[in-house]
Amino acid sequence: LAPTVQLHSGAHLPLLGLGTWPLDDAAAADTVNLAIETGYRLIDTAENYRNEKGVGEGIRRSGVAREDLFITTKFNREHHSVDGVRTAFETSASLLGVDYVDLLLVHWPNPDQGSHVEAVRGIAALLEQGLVRAIGTSNYKPAHLRAVLDAGIVPDVNQIQLDPQRPRIEERAFHNEHGIVTESWSPLGQGSGLLDEQAVRAIADAHGRTPGQVVLRWHVQQGLVAIPKSSNPERLAQNLEIFDFELSGEELARLCLLGSDSADVIDADEFGH
Ligand code: A2P
């Protein structure tokens, strides 16, 4: 099982979980069941993925107790009001077949104009009723988060696209300053050729690991939560087997250099541990 990070709401979020985009219901049921059997406990879905029913079926098929799982979903922008979020939650919970969600996220901040704050307020109301266990945002920039903080709510998690080619250093610093955990979507840089990069391959060879494992280790070793999607049983298993080796500070920094927005980060000491 993956180690966890404690959120300020008190919940324990595993550092490594399963992403389920773009699986349909049937594929999601199979993949989620297999992932849980393999040892995954964090499952990430969304209203927008249209597979919550399949995810729920996979969860039930696995036979693992609900309280041992960490189920995450997100709602679309038409629900950005306190009542709207309640309705969205009820639909998702019913499709998933659960009576609470561990982490509920606003999927996208847009349209802005305050609705991205109202959406978070809606989640906070559900938290008070015990229907969600942690408050999440997704794709929120620091300016969006600032407005949420100004409204007196501190999200537990902000989920953003993040990988060694997009290390998002400034956003992570903002999150850290406010105790918000950063979760990486498309942590393997889906389709970008990241896993074929020479630097990634060389580090993988040095550790006797695969490029995917090296990149996922890069995330979790920096305290980032990663949710790679794989429906391939072998890759599903290897993506979880990243807690028994360590990258050096120099290797972490070398991977960051792949990023176009990383010109300001090149101090290997920053990543020492
Ligand atoms: P597959 O499902 O066939 O394993 P991301 O989560 O960054 O968006 O990446 C998901 C993509 O990466 C999927 O296409 C998935 O394909 C592939 N993938 C997942 N794990 C690995 C891995 N360890 N090595 C190579 N490709 C992977």
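Q: Which class, nonpolar, polar or charged, has how many residues in the shell around the ligand?
A: Let's start with the ligand in this predicted model. There are 17 residues surrounding the ligand, and Ser 186, Leu 188, Gln 190, Gly 212 and Ser 230 are the closest. Sorted by class, the shell has 4 nonpolar, 2 charged and 11 polar residues.

Q: Which helix gives the largest share of the shell around the ligand?
A: The protein has 10 helices to choose from, along with 10 strands. One helix, spanning residues 233-240, supplies 3 residues of the shell, the largest share, and that is helix H9.

Q: Are helices H2 and H3 parallel, antiparallel, perpendicular or oblique to each other?
A: Look at where H2 (residues 52-62) packs on H3 (residues 82-96): the axes are 7 Å apart and the angle is about 45°. Angles from 65 to 115 degrees would count as roughly perpendicular, and those under 35 as roughly parallel. The angle here fits neither, so H2 and H3 are oblique.

Q: Which residues of H3 meet H2?
A: On the H2 side, the residues involved are Glu 52, Lys 53, Val 55 and Gly 56. By class, this contact has 3 nonpolar, 2 polar and 2 charged residues. Their partners in H3 are Ser 92, Leu 95 and Leu 96.

Q: What is the radius of gyration of the protein?
A: For 273 residues, the globule rule gives 19 Å. The protein comes close to that, so it is as compact as a globular protein of that length, with a radius of gyration of 18 Å.

Key:
Residues numbered from 1 in each chain as written. Predicted model: local features only at pLDDT ≥ 70, side-chain atom pairs only at ≥ 80, totals over all residues. Near = placed C-beta within 6 Å. Helix = DSSP H or I, 4+ residues; strand = E, 2+ residues; numbered from the N terminus. Nonpolar A, V, L, I, M, F, W, Y, C, P; charged D, E, K, R; others polar. Axes fitted to C-alpha atoms, helices over the stretch in contact; angles between N-to-C directions. Parallel < 35°, antiparallel > 145°, perpendicular 65-115°, else oblique. Contact = placed C-beta atoms within 7 Å. Rg over C-alpha atoms; globule rule 2.2 N^0.38 Å.
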